[in-house]
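I opened the notebook to record what I looked up in this structure, beginning with strand pairing and then going on to the ligand and the helices.

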Amino acid sequence: MASEERDEDHLLQLDPEEIGQNDRQLPGEIERCTGLNYNDFFWRYMHKNFPVIITDVSNEWECQKWTVLQESRDLNSNTSASSINFDYLKTRIPNCPVPVADCNSSYFNSHTKLELNFHDYLDKWRSGIENQSSASQEVNSNVDTTSRDNLYLKDWHLAAQMPGYNFYKVPKYFASDWLNEQLIDQKKDDYRFVYMGPKNSWTSYHADVFGSFSWSTNIVGLKKWLIMPPGEELKLNDRLGNPPFSIDEKMLDEHNVRYYTINQRANEAVFVPSGWFHQVWNLTDTISINHNWFNACNIAMVWQNLRSNLKAVCKEISDCQQMDNFEAHCQTMLRASFGINYLDFIELLEFIATRRLAEKTAATKFLLFDSYRKNDYHVQYDLECLRKVTRTLTEDPTVQRSPLRLDERCRQLLARLEF
Ligand SMILES: O=C(O)CCC(=O)C(=O)O
Ligand SMILES: [Fe+2]
């Protein structure tokens, strides 16, 4: 828990309503919560794998300086809106290469990727805004809006790239994060990202990597989300089982898809549960911070996803089944396509188990993102879920016949966890 925050905010307690109530009715709309406590978020949303919008999460973040308040030009209204502080961004962040998606062009079911230097990206963005506003002031302007650049800086590992620059603080709700806990400790590529994009940039239809959760907080701007519960996406697949590249409300209505619309404003975090397909549009110039992660609540879903991706990979190269090292080959392909394979997954479980077992007896628990400390109940809960998922792994035929003796590793892990 954050030293500056109250302890009871972070106590994880068994919610009495939780017991025997797994199949809750889907509500009519996604709730917007202010002042939600950790326990309520944990049991009512994260554990139930249901989305929520949380307000006021980023008021104090340093990256508020990336925005400037602009008085409205409309003299009759007192409204003010924030816009991008290009000068501050350029002074604070070096001109490093950044990953950019071209939202006007696609390549194999995703937006074409390119790399630009950060300051060049900002210059293009700023001149796009200036051209747009001068065009809108011209009466009968003939400017062709479709030929404008639509470049989206996304999946930028800025936190890893500038470790000394604390431009945001992970909200307490999202602090239990096994994925980044391991990757940051081992100094590997993590899943902490910055997104910056002009009005009309967008992210195509997808579910998140590994079947992970994601959270996304708007620093400035407005995002529109279309998001659907797991299973609904099947209604949109073509006859070969391929999902569409892009969706809209008309398509969803025509296919009788149950879905939700979220209008996400600045300072609001959206919690995206595991396996919920979504598409996202920036309705205005927008900057957001986003993490992918998993923990005790969705580790079993990530494991099921890993298993079904292995099945798909094996099927794809089934003509090589007679090869001596067919299974090892499948694991290599699994890592390439999915991001992790069975060995990586087991190593992650071992890493978290070692930490939680040490925490069980230690007076001080590990800090999550330098701010939050877990209580004993949280450690117990993590250990229980680790035990459950490891037991499932020991029953998996691929694990059992692994040439890497993954079965032995799982059994040893289980013995440590059952101690
Ligand atoms: O903001 C975006 O463009 C995409 C965000 C997203 O897909 C996510 O947070 O899972
Ligand atoms: Fe996503």
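I looked up Met 228 first and found that its bridge partner in strand 14 is Phe 277. The model I am reading is a predicted one. Strand 11, residues 223–228, and strand 14, residues 277–282, run antiparallel and are joined by six bridges.

I then followed these strands outward and found an open sheet of four strands, whose order is 9-14-11-12 and whose pairing is antiparallel. Strand 9 (202–206) and strand 12 (260–264) are at the edges with a single partner strand each, so one side of each has no neighbour in the sheet. On average, and with direction ignored, neighbouring strands of this sheet are turned by 15 degrees against each other.

Next I turned to the other sheet, which is also noted as open. It is formed by nine strands in the order 1-2-13-10-15-8-7-5-6, and I recorded its pairing as mixed. Its edge strands, each pairing on one side only, are strand 1 (32–33) and strand 6 (110–117). Within this sheet I checked strand 10 against strand 13 (residues 269–272), and the two run antiparallel with four bridges between them. Ser 216 is the residue that stands opposite Val 270 in strand 13.

Which residues are around ligand 1? I listed Tyr 195, Thr 203, Asp 208, Ser 214, Ser 216, Lys 223, Val 272, Val 280, Ser 288 and Asn 290. Strand 10 (213–220) and strand 15 (286–293) are the elements that give two or more residues to this shell. By class, I noted that the shell divides into three nonpolar, five polar and two charged residues. Ser 216 therefore comes up twice in my notes, once in the shell around ligand 1 and once opposite Val 270.I moved on to the helices, starting with helix 5 (residues 178–185) and helix 9 (residues 342–361), which pack at an angle of about 90 degrees with their axes 10 Å apart. Because of that angle, helix 5 and helix 9 are roughly perpendicular to each other. Where they meet, I found Trp 178, Glu 181 and Gln 182 in helix 5 and Leu 348, Phe 351 and Ile 352 in helix 9. This contact has four nonpolar residues, one polar and one charged.

I followed helix 9 to helix 10 and read an angle of about 145 degrees, with 10 Å between the axes. The crossing in which helix 9 passes helix 10 is left-handed. The residues that helix 9 brings to this contact include Ile 352 and Arg 356, and those that helix 10 brings include Leu 383 and Leu 386. I counted the classes as seven nonpolar, one polar and four charged.

The last pair I looked up was helix 10 (residues 376–394) with helix 12 (residues 406–418), for which the angle is about 150 degrees and the axes are 9 Å apart. This makes helix 10 roughly antiparallel to helix 12. Here too I noted a left-handed crossing, in which helix 10 passes helix 12. Among the residues that meet are Leu 383, Leu 386 and Arg 387 in helix 10, and Cys 410, Leu 413 and Leu 414 in helix 12. The residues of this contact divide into seven nonpolar, two polar and five charged. Leu 383 and Leu 386 of helix 10 appear in my list for helix 9 and again in my list for helix 12.

Terms used:
Residues numbered from 1 in each chain as written. Chains lettered and ligands numbered in written order. Predicted model: local features only at pLDDT ≥ 70, side-chain atom pairs only at ≥ 80, totals over all residues. Near = placed C-beta within 6 Å. Nonpolar A, V, L, I, M, F, W, Y, C, P; charged D, E, K, R; others polar. Axes fitted to C-alpha atoms, helices over the stretch in contact; angles between N-to-C directions. Parallel < 35°, antiparallel > 145°, perpendicular 65-115°, else oblique. Left-handed = near helix turned anticlockwise from the far one by under 90°. Contact = placed C-beta atoms within 7 Å. Pairing = 2+ DSSP bridges.
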